[in-house]
Amino acid sequence: MNKDFYALIMAGGVGSRFWPVSRTEYPKQFIDFFGVGKTLIQSTYERFLEICPPENIFIVTNEIYSDLIREQIPQLSDNQILAEPLMRNTAPCVVYGSMKIYELNPNATIVVAPSDHTIADLGGFVKSIAQSLDAASKNDCLITLGIKPNRPDTGYGYIQHTDYVLNTDADLHKVKTFTEKPNLELAKSFLSSGDFLWNAGIFIWSAKSILSAFEKYLPDMYEIFNLGRADLNGVGERAFINNAYFQCTNISIDFGIMEKADNVYVLPSDFGWSDLGTWASIYEMADKDYVGNAVIPSEQVIMFDSSNCMVNVPKDKLVILNGLHDYIVVENNNMLMICPRDEEQKVKEFVAEVKSRFGNKFI
């Protein structure tokens with residue numbers, strides 16, 4: 001296993017689309033959605049144990065989740081948990097993690113990935129990451145993984161690539177454009193063109209290359225963190241980071257770097273990826289009965305004349321459903337949400353309404 005390969009797992013999101021199961025105090029990355037005995041972040045951590053040494057896996061998260069990280073992944077040292085004092089999107093956490101890793105090992109090559117994805121084909125995933133890490137360690141390039149689309153999905157961003165291929169062992173295509181979530185007609189045209197991929201939000205680069213990109217495209221943010229290099233991995237790190245984050249703009253790594261840089265490449269991949277952004281994505285991944293119901297857990301749920309429903313309730317609750325078709329039924333801590341599956345986009349509206357009426361008590 002290559003000692004120069006590192007993983008930076010991003011685990012700071014709230015996951016409001018999964019309310020009421022996912023809440024601010026216990027968001028979706030810390031939940032076992034499929035009843036398999038592992039939370040999403042535990043599964044993500046175990047995947048990267050196949051790629052790099054355990055001491056080379058770092059998790060960046062909001063400071064309010066540091067104890068949850070320690071509880072669910074006790075193998076991590078305190079230095080492997082990067083606590084953000086506030087949410088500032090993905091660019092600050094990437095420069096923080098990359099600079100911290102660079103100070104430990106200037107030869108580091110890093111894979112950056114969210115903590116809440118599911119991967120059906122572990123072997124295919126490991127192969128794509130390993131090929132990308134090898135290419136990034138030998139070339140000044142920024143790599144992203146693109147998932148081969150099988151439907152015109154409007155819930156994902158898209159990457160358009162050219163026919164130009166980087167001279168490596170991996171099938172790395174030069175990126176032409178990034179597109180945010182398109183409407184249905186545009187998504188259909190992307191699918192038919194054959195040169196668009198879903199943006200998986202998984203990035204691979206050498207620490208040197210990404211820091212150079214920050215210095216060029218986000219110089220103010222680079223300078224904020226560069227001033228505290230000597231404090232990273234030391235006793236002064238926490239105080240420095242608390243100050244640095246309040247100076248950072250709220251910007252994503254996609255918009256701040258990837259859409260601007262001229263050395264961005266994409267590896268077309270297919271390993272059963274889902275970003276688990278909605279209850280619909282959970283439904284697609286979950287086991288279903290003969291009439292299409294996905295019930296997690298299923299021990300005490302009884303369904304009559306009901307089909308194609310997504311049901312997620314506590315194990316100790318007896319639930320009886322009758323006459324529901326194509327619905328989402330979710331209950332947690334005596335908070336119940338029932339919503340038609342084709343209106344799931346309204347979940348965020350529900351959460352906003354609950355917040356406006358009751359404050360953060362139930363969010």
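So, burial to begin with: of the 363 residues in this chain, 55% are buried. By buried I mean under 20% relative accessible area. Do keep in mind, everyone, that we're looking at a predicted model.

What about the outside? The accessible surface of the chain is about 16,400 Å², and carbon and sulfur atoms account for 49% of that.

Now the overall form. Along the principal axes, the C-alpha atoms fill a box of roughly 60 × 50 × 40 Å. The radius of gyration is 21 Å, which agrees with the value near 21 Å for a compact globule of 363 residues. As for secondary structure, the chain has 17 strands and 11 helices.

How do distant parts of the sequence come together? Take the contacts with a separation of 6 or more: 67% of them join residues 24 or more positions apart.

A quick word on charges, since you'll probably ask. There are 46 negative and 31 positive charges in the chain, and their mean positions lie 2 Å apart.

Let me finish with one helix, H8, which spans residues 237-245. Which of its residues are buried? They are Glu237, Phe240, Ile241, Ala244 and Tyr245. Around the helix axis these cover an arc of only 120°, so they sit on the same side of H8. And what does that buried set pack against? The partners are strand E3, at 81-84, together with two helices: H3, at 90-104, and H7, at 219-226. If you have the structure open, go to Phe240 and Ile241, two of the buried residues of H8, and look around from there. Thanks, all!

Definitions and conventions: Residues numbered from 1 in each chain as written. Predicted model: local features only at pLDDT ≥ 70, side-chain atom pairs only at ≥ 80, totals over all residues. Heavy atoms only, no water. Helix = DSSP H or I, 4+ residues; strand = E, 2+ residues; numbered from the N terminus. Rg over C-alpha atoms; globule rule 2.2 N^0.38 Å. Buried < 20%, exposed > 50% of the residue type's maximum accessible area, 1.4 Å probe, protein only. Contact = heavy atoms within 4.5 Å. Areas by Shrake-Rupley, 256 points an atom, 1.4 Å probe, with all protein chains shown as cover. Lys, Arg positive; Asp, Glu negative; His and termini not counted. Charge placed at Lys NZ, Arg CZ, Asp CG, Glu CD. Arc of directions from axis to C-beta.
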